[in-house]
Amino acid sequence: MSTPVVTRFAPSPTGYLHIGGARTALFNWLYARGRRGRFLLRIEDTDRERSTPEATAAILQGLTWLGLDWDGDVVSQFEQKDRHAEVAREMLARGTAYKCFSTPEEIAAFKEAEKARGVSYPVFVSPWRDADPASFPDAPYAIRMKAPRDGETVIRDQVQGDVVIRNDTLDDMIVLRSDATPTYMLAVVVDDHDMGVTHVIRGDDHLVNAARQQMVYDAMGWAVPVWSHIPLIHGPDGKKLSKRHGATGLEEYQAMGYPASGMRNYLTRLGWANGDMEIFTSQEAMEVFDLKGIGKAPARLDFKKLENTCGHHIAMEEDAALLHEIEAYLAAAGKPALTQTQSELLHKAMYCVKDRAKTFPELIEKAHFVMVSRPIVPDEKAAASLDAVSRGILNSLTPQLQNASWTKEALETMLNAVAAENGIGFGKLAAPLRAALAGRAATPSVFDMMLVIGRDETIARLSDAAV
């Protein structure tokens, strides 16, 4: 029986959740969920000066918005520091680590001397590696891992392929500092081992760390996880993603009105492919997502493609779920909440406003006719269609609407007849109707608007405009 898959996402709470981090979390979530495995969350909060509760809360909120649920409690790396120190001392007892009494000044002097000899990246060789314990001074010491001096370390990576690193380029890294605090390199390995992580899927900026971390696994006799280092996300210009390219924090995308399902779809395809599969649900993605589909080259952020993908998801989404997410978007964007009447009417109008809307602001603009209340103040373009002739037609129309059958077919028949009676095409009648019903020149069909707001409100709006 194979070992159940366990993945993890381990962000540092020193700022917002970067979109690249969100994609990493998504890949881990998809891989675990598609194999009935577990997806764990660890907050790497050992940097006490920069880690903040607010950043942790923002990370959890961002993952929740994106729909990435995790298993079990959130693990704090800082709270495991005693366990990390315990492992460092166990390595010492095993002989795979040693006490190093070298001072920072001695290490700096060694590196300066090496650079003076023309060595670009000097590897510190501690004089205490094989020292006789009898010679140990009564002084603070760090614990260093005994890295192999000869041969190579091979990282068998599912994305990058085999990555070979010469062992003579790796120093005996510190695993426990002289103040008894563990280093990041040790903490990550101990946490992943203790959490039962089987697959480490993370950004390729961590690839350089993998060789040293793999040595810790070997030193402790632990099974090495499956490595997968994924390329970073670049901007449209091919350069590292930054603020100049637009939004980089996940919460910004929610506040701009992108639906979570569309973001999941887009981020899944950002650097991963499965044939010509473009638009899909998360369930469909779980069924086919694998590590082999991840490309080696950095992916480029494409806002047009993001909007196109989100437009498909807005059209696919159930109306009630869409309304719920729009309300969350308004809160995230700091906009006024919907009134009960607006909420009810928007839910009723969803069928005629969600198609071809790529973002929630676009959808809300299409639904302007249910967001406003009388008296409707038309914008400049719409007001131009309300001349004396069109107002007269609207005035003559209102009595006929009192007794009309309130179905799309009946309204269409009646309004076309009114246009013909006045010697105009329906388009000429539709313009003042749009202005009266929505105050806009571009709206859903006038029949849909009339059906959504109902007979009484339709007649009231047309009467106001006819004055």
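In this predicted model, strand β2 (residues 38–43) is mostly covered, with five of its six residues buried. Strand β2 has pairing partners in β1 and β3. Strand β1 (residues 6–9) lies parallel to β2, and four bridges link the two. Within this pair, Val 6 is matched with Arg 38 of β2. Strand β3 (residues 75–76) also runs parallel to β2, joined by two bridges. Here Arg 42 has Val 75 of β3 as its bridge partner.

Helices complete the connections between these strands. Helix α1 (residues 19–33) forms a right-handed β-α-β unit with β1 and β2. A second right-handed β-α-β unit consists of β2, helix α2 (residues 53–66) and β3. Strand β2 thus belongs to both units.

Further along the chain, helix α10 covers residues 303–316. How far apart should the ends of its 14 residues be? At 1.5 Å a residue, the helix should span 20 Å. The expected span is 1.5 Å times one less than the number of residues. The C-alpha atoms at the two ends of α10 are 20 Å apart, so the model agrees with the expected span.

The start of α10 features a polar contact. A side-chain oxygen of Asp 302 comes within 3.0 Å of the backbone nitrogen of Lys 304. Buried positions in α10 are Leu 306, Thr 309, Cys 310, Gly 311, His 313 and Ile 314. These buried residues pack against four helices: α7 (250–255), α8 (260–269), α11 (319–332) and α13 (360–366).

Terms used
Residues are numbered from 1 along each chain as its sequence is written. This is a predicted model: local features need pLDDT of at least 70, side-chain atom pairs count only at pLDDT 80 or more; totals for chains, interfaces and linings use all residues. Side-chain values use heavy atoms; hydrogens and water are left out. Buried means under 20% relative accessible area, exposed over 50%, partly exposed in between (1.4 Å probe, protein chains only). Contact means heavy atoms within 4.5 Å. A polar contact is a pair of N or O atoms within 3.5 Å; within protein, one must be able to donate a hydrogen and the other to accept it, and residues adjacent in sequence count only if both atoms are side-chain atoms. Two strands pair if DSSP finds at least two bridges between them. A crossover is right-handed if, with the strands pointing away from the viewer, the path from the first strand over the helix to the second runs clockwise.
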